Structure formats: C-alpha cells, structure tokens
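Student: I've got a structure open in front of me and I'm not sure how to read it. Could you walk me through it?

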Amino acid sequence: MRKKYCLLILTLILVTGCGEELDCCGQPEQFTVTLNFTHHWNGLKITPQDFNELKFTNENGERLSIEKLRYLVSNISLINSKNYHLIDIRENTGTSITIPELTEESYALSFRFGFSDEDNTDGTYQDLNTVSFNVPGMLGGGYHFMQFDGKYIDSNNEASGFNYHMIKAVDRTDPNNLKFEDTSFEVNLGTIVITSNTEIEIKMNLAEWFKNPHTWNLNELNTILMPNFEAQKMMRANGDSVFSLGEVN
Amino acid sequence: MKKPYTYFFTFFLLTCCSSKEEEIYTPIPYNLEIPALFADKLIAPIIPTDNLLTEEGVALGKKLFFDKKLSGDNTQACSSCHNPKKAFTDQQQFSAGVQGEFGARNAMPLFNLAWNFDERFAWDGKEFGLEQQALEPVSNPIEMHANWNLVSKKLQESIEYPELFLRAFGASEIDANLITKAIAQFERTLISGDSKFDKYLLGETSLTQEEQNGFNVFMDEAKGDCFHCHGSNNNPLWTDNAFHNNGLDTTFQDLGFGSVTGDPNDNGKFKSPSIRNLAFTAPYMHDGRFATLEEVINHYSEGLQMSSTIDPLMKRVNEGGVQLSPKDKNDLKAFLLSLTDTEFINNPSFQK
C-alpha cells in the first residue's frame, strides 16, 4: 500500500511539473469572453424590476407592460460546437454566457435568434422541454423562439393581455399540406478582437419588435399569434433591428 | 485532472475507516425507477446530495408518512390528508386538523415532486424543498398540531424507530431533521407516469376520437391553450410548476404567491397543479371551489374574472374566456381523464 501511495505522489508531482512546462513552452494564452445580454426600450434600460408596469409605449402609441420575456439564441459563433441558450429576463437566468479558452485573435461575432430548421427538432432538448418551451405538433413542433407576454391598454381603455410568441411560421390554410417558413435569423455583430478576458454586451431593444418595418398594432395582433402565418413573418422582419453591440470591455 | 486522485484518496481513507467502524451499517442505495418518457424528455430529478435515497430511508419515510404519532394527539398522519388511493389527496375542499379546524387551501396531490426544479412547494410556494415542506404540517396548529420535540421523543421511546433511524441515517438520536429527511425520501419515490396517455405516447395504445380531439383542444392556442402552463406530450409532468393568476377572482381574499414574495404583482397567483390523476383529486383549484372537471373547463371557457395580476395567457377575458363548444369541452375532459394513472394509486409500494 505504501509503495502505491509513493507512486501516486510521484505521479502528481510529475503531472504538476509538466503543466508548468507546457505554459512556458509557447502555448498561446487563453482568455474568457462573457456575453452579457441586456435589454432596453429605446435606450431605457429594462430589468425585472421594470416588469408588470404599464410604462412602455410602442410605435403605435399603445401603452404596455412586460410580464414575461424569454427567448432562445443558438450557435453563438465564439463557441466551437453546436450550442443554444435560453435567456429568461424575469427569472434573470441565461443572460450571461461565459466562453472560456479563446486565443488572441479576431472573431466574427454572430448568433442565431431561435433555432434553424435543422436544429429545431421536436422534443429533443430536455432542458427546454422541462421549462415547457415547446411548440405544439399541430404547428410543426419544435420550440418557441421567444415568449414575450404582457398587458396593453386597448382601444376600450382596458388592460388586455398580449402573447408575442415567435415560432417557425406555419401556413395552415390547407391542414393536409402545412407550409413552413424559417423565421429564425442570424444576428451579425461584427468583428471582435480578443486580446484579454473580455465582456461583451449584446443589447436587445424591445421597442423594435413593434416598430420596424412593421408598426405593430396590439389591438389587432395581441394573442393567438403562434398559428398566424403573417404575424410570424412580421415578427421575423421586425427582428432585424432588435439586436446591437453594446460595450466591449 | 486531480479528480481521479481525489477519488483514490477518498477510497483509501474509507477503507481505513471501515476497518475501525465495521459495526456501522451502510444503507443500500435506492434505485429510483424513472419512467421512460421522463428519462427521454426531462432533465434528471432533484435528489439532494445530503439526502440521497436509500432503501432504508425510503422505507422509514413511508412508515412515518402513515404514522399517527406525528400528530399532537396521535389521531392523524400525513396520509390522513394525502391518501394514496386518492393520488395523495383527501378529496375534501378543506382538510380538518386534529382539533377539527379547517384550513383555507385544498390538500395538494403528491407525485413527481422530484421534478419540481424550483423546489417551491405548496399552493403559494412558501416551502422551499421537500424536507422543509414536511416540517410545516406537523407543527401547524390547525393541522397535525404537534410539537416536534415531543414527536421526536415519542419515536425515540418506541421499540422499532431507533433501530430504523440508525440503519437509515447512522444516527441514534431522532430529531425533526431526520424525520423530514426520511419523509422527503419516500415522497421522491412517488412517481406517476403510467396513464393511458403515457402508453399512447409510447405507442402501446391508441386514443379514442374524443381523447385525440381533446388533446388538440388542449394544445391549440386558439382553443384551450392549456399547454403553456400545463405541459404537453414533450413535458410529461403536465405542469410548469410555476405560479399564475388564472382569473378566479377580481379581488383576492387569499394573496397566494404574493403573500410569500411580498410583491403585489404576485397577488392571486397559485401553483399550476399537474393535470395527471384529476379523476382522483377533486375538488379543484387552491381553494377547492370547483367540484367537477366540467366546472373547471367552464371556468376557462366562460368564467374568467379580470384582475390586475391575471396572467396574459388567459385569453378573451372580457368575454369570460375562450368559449369552447360543448363538444370541445366534452373531448377536453376525455383527454384529461386519459392522464389517469390507476397503477400509481394502487402501487403497493405506496400503500400503508
């Protein structure tokens, strides 16, 4: 037993020694990049403390509140394998994504909002099933790209709910021949030069979901938007101007 | 890289220790049988590292669950309000405590609790963790109305319990901490995943036309839109384990989740219960106000009440709800009842 113990200590010393040697032998230095997803309404920062208050006004002039906001991003370019991340603002989870072991060089920073058709496979992702982020099979299955729920003041001056839920668009005009359109989209944030541990802010302007190019009328488009083919395509179009690069430190 | 060596050292140390303390019994790890659908669709259940399941711990927890010694006057056990034959409810609107007093909440069913990942238990989420939850009813004056020290003393003085605690936890002194740990172990084994609809998803049976249409109503955002809160074929828990105001009242006598968080925006919110085993768990809602499933469905169809915290997922509130047709209501009920798990309520492992 004592012999084995000595052998183990010796091995440990050798392993530790080797590690130090590798560091001094020209291995490229590695850095950690942290992506911080932040949210604002035309420049006004949004945190969970801002939820549930009718404090925002969309392009169409409707006052609204945010009660729930969670969305999916996938295939972040800095990660060298398939990846996806659920970001939940109310629960304050997933907003910070740490990417270790990046070497000093220039990187094109991009990600996909939602899942591409290839990745949007029904029931595959246990963590997303567990938090009920699925899309019903009758709409093609797969997963939500975003669940954005809140209330707005309607034309009768009453608070009503809205469910701005984004999924892969499906045209159910002919129930026996569903037609799909991929509404996920790539967000390109330019080139980032990594020379040290870096924090990168990725900003989502929620107002843009209601604004550009389609001025969103919540009195007409408020709930039951998942099976609404045209509404889904409008969400997709408005998504183009939602994300921007924030501070890089 | 250091982990294998750590394991080696730990093993080495344990080997040394066991030679000195051979008299200490090592409990047998409990093999939690997870239904295929759960293993396929969900992340692993929560088993606390400081309360791993063991054969002895689960057996002890079961014995305690059915033991009236846990009440102040030895007349009630946990099972008095959580009867396995009723999916661990008592089918009463409110439950009477040892002194005949009634609470204001319906006794919740108990199953699939290890998949409650937020670990908030009870209708209002006031209890964090199953072990913590088990503390409350025993000492609650309108429930079992016992003193934990006296309960521990009773068990300590019994003939059989000291040996059972010794085997389960290696402890000769019985206390509330170990009692609730054992009960929580038993509760984590209460798994319901063998209903007709589960069999259908596994390709072992087919649904009737009514059940199939009812499932479509459940999943259709333009009809029931139940799936956003109550799971789906991809979430066999059939609940999101979250807190919602589902439009029961315009004002709140019972603040629910709001009384726990202190946030007025949470007033009137209660945990979404699983829709499994509804055949055994009437009456429904946190206050048991609905005696039948028809009343529940009518509520979502025509009975919604507007309030400031009503969930935005409640649709057409100004019309009272989603206005389901009589056929859709009937079929929705048929689908809900396809989640009845008679194997669960008859499982010998869960009976006294």
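Tutor: Let's go feature by feature, starting with how far to trust the model.

Student: What kind of model is this, and how are its residues and chains labelled?

Tutor: Residues count from 1 along each chain as its sequence is written, while chains are lettered from A and ligands numbered from 1 in the order in which they are written. This is a predicted model, where local features need pLDDT of at least 70, side-chain atom pairs count only at pLDDT 80 or more, and totals for chains, interfaces and linings use all residues.

Student: What is the mean pLDDT of chain A?

Tutor: pLDDT is the predictor's confidence in each residue, from 0 to 100. For chain A the mean is 92, with 90% of its residues at 70 or more. Residues 10-23 of chain A are below 50, though, and that stretch has 3 contacts in the model beyond near neighbours in sequence. A contact here means two residues whose C-beta atoms, placed from the backbone, lie within 7 Å. Chain B averages 94, and 93% of its residues score at least 70. Its residues 1-22 stay under 50. Where pLDDT is low, the predicted coordinates should not be read in detail. The model as a whole scores ipTM 0.91 and pTM 0.90.

Student: How many helices and strands does chain A have?

Tutor: Helices (H or I, at least four residues) and strands (E, at least two) are DSSP runs, numbered from the N terminus. Chain A comes to 3 helices and 15 strands.

Student: Which way do β1(A) and β14(A) run, parallel or antiparallel?

Tutor: Strands count as paired if DSSP finds at least two bridges between them. Strand β1 (residues 30-41) and strand β14 (residues 198-205) of chain A run parallel, joined by 8 bridges. Look for Thr38(A), which stands opposite Lys203(A) in β14(A). β14(A) also pairs with strand β15 (residues 243-248) of chain A, this time antiparallel, through 4 bridges. There, Ile200(A) has Val248(A) as its bridge partner.

Student: Is there a way to read how chain B is divided up?

Tutor: Domain bounds come from an automatic or database domain assignment. For chain B the assignment gives domain 1 (23-191) and domain 2 (196-344). Their centres, taken over C-alpha atoms, are 27 Å apart. Where the two domains touch, 27 residues come from domain 1 of chain B and 29 residues from domain 2 of chain B.

Student: Which residues touch the most other members of the largest nonpolar core?

Tutor: First, "buried" means that 20 or more other C-beta atoms lie within 10 Å of a residue's own; 12 or fewer makes it exposed, and in between it is partly exposed, with C-beta atoms placed from the backbone. A nonpolar core is a set of buried Ala, Val, Leu, Ile, Met, Phe, Trp, Tyr and Cys residues joined through C-beta atoms within 7 Å. The largest one has 75 residues, and Phe111(B), Ala182(B), Ile183(B) and Phe218(B) touch the most other members. Helix α8 (residues 176-188) of chain B gives the most to this core, 6 residues. At least three residues come from each of domain 1 and domain 2 of chain B. Apart from this core lies another, of 48 residues, including Leu64(A) and Met234(A).

Student: How many residues does each chain bring to the contact between A and B?

Tutor: Chain A and chain B each put in 25 residues. On the side of chain A that touches chain B, α2(A) gives the largest share, 4 residues.

Student: Where should I look for unusual backbone angles?

Tutor: Most residues other than glycine have a negative phi, and most peptide bonds are trans. Asn52(A) is not a glycine, yet its phi is positive, about 70°. Asn52(A) sits in the loop between β2 (44-45) and β3 (56-57) of chain A. Phe88(B) also has a positive phi, near 65°.

Student: Is Phe88(B) buried or exposed?

Tutor: Phe88(B) is buried, because 27 other C-beta atoms lie within 10 Å.

Student: Which residues are joined by a cis peptide bond in chain A?

Tutor: Asn212(A) and Pro213(A) are, with omega about 5°. In chain B, a cis bond joins Ala282(B) and Pro283(B), where omega is about -5°.
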